[in-house]
Amino acid sequence: SSWDHSAYFPINSGRHSGVWDAGCVTCHVVPSNFMIFECIECHEHNQADMDRDHSGRQQYQYLSTACYECHPDGRN
């Protein structure tokens, strides 16, 4: 897509560059509503590993919206 996505999440650079190959639907699982997105479907994560990696983080939830809250630029 030629749309400038960097204002929202950097899919055209950094760690996410070239990872999404099916267009918008890679992350936006409801094509009619781009406010709905998924992080945990593409990442090689599973809930047990993520729960362990986030042990002690009070705001942690295994939800894509929670991922975005803490990692808005896709970094740690």
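What percentage of the contacts in the chain with a separation of 6 or more is accounted for by residues 24 or more positions apart? In this predicted model, such residues account for 37% of those contacts.

**Figure 1. Overview of the predicted chain, with its two helices and zero strands.** The C-alpha trace spans about 40 × 25 × 20 Å along its principal axes, and the chain exposes about 6000 Å², of which carbon and sulfur atoms supply 52%. Of the 76 residues in the chain, 20% are buried. The secondary structure comprises two helices, with zero strands; helix H1 covers residues 47-53, and several of the residues shown in the views below, including His 16 and Ile 36, lie in the segment before H1.

**Figure 2. Close-up of the nonpolar surface patch made by Val 29, Val 30 and Ile 36.** These three residues together make a patch of about 180 Å². Ile 36, which is found in the segment before helix H1, counts as partly exposed because its relative accessibility is 34%. When residues up to four places away in sequence are not counted, Ile 36 touches Cys 27, His 28, Val 29 and Val 30, so that two of its partners in the patch, Val 29 and Val 30, also appear among the residues that Ile 36 touches.

**Figure 3. Close-up of two pairs of residues separated in sequence, Ile 36 with Ser 64 and His 16 with Arg 75.** Ile 36 and Ser 64 are 28 residues apart in sequence, and their C-alpha atoms are 9.2 Å apart in space. For His 16 and Arg 75 the sequence separation is 59 residues, while the C-alpha to C-alpha distance is 9.6 Å. His 16, which lies in the segment before H1, counts as buried because its relative accessibility is 15%, whereas Ile 36, in the segment before H1 as well, is partly exposed with a relative accessible area of 34%.

**Figure 4. Close-up of cysteines in a structure that holds zero disulfides.** Cys 24 is in no disulfide, and the nearest cysteine sulfur, which belongs to Cys 27, is 8.9 Å away. With a relative accessibility of 37%, Cys 24 counts as partly exposed. The sulfur of Cys 67 has its closest cysteine sulfur in Cys 39, at 4.8 Å, and this separation is too far for a bond, given that a disulfide requires the two sulfur atoms to be within 2.5 Å. Cys 67 is likewise partly exposed, its relative accessible area being 23%. As background, a disulfide is a covalent bond that joins the sulfur atoms of two cysteines.

**Figure 5. Close-up of the salt bridge between Asp 49 and Arg 52.** The closest N and O atoms of Asp 49 and Arg 52 are 2.7 Å apart, which satisfies the 4 Å cut-off for a salt bridge, and the count for the structure comes to one salt bridge. Because Asp 49 and Arg 52 are three residues apart in helix H1, they are separated by about one helical turn. Asp 49 is partly exposed, with a relative accessible area of 26%, whereas Arg 52 is exposed, with a relative accessible area of 54%. In general terms, side chains of opposite charge can pair when their charged atoms come close.

Terms used:
Residues are numbered from 1 along each chain as its sequence is written. This is a predicted model: local features need pLDDT of at least 70, side-chain atom pairs count only at pLDDT 80 or more; totals for chains, interfaces and linings use all residues. Side-chain values use heavy atoms; hydrogens and water are left out. Patches are made of residues with over 30% relative accessible area and no salt bridge: like charges are joined within 9 Å, nonpolar side chains (Val, Leu, Ile, Met, Phe, Trp, Tyr) within 5 Å. Accessible areas come from the Shrake-Rupley method with a 1.4 Å probe; for residues, only the protein chains shown count as cover. A salt bridge is a side-chain nitrogen of Lys or Arg within 4 Å of a carboxyl oxygen of Asp or Glu. Helices (H or I, at least four residues) and strands (E, at least two) are DSSP runs, numbered from the N terminus. Buried means under 20% relative accessible area, exposed over 50%, partly exposed in between (1.4 Å probe, protein chains only). Contact means heavy atoms within 4.5 Å.
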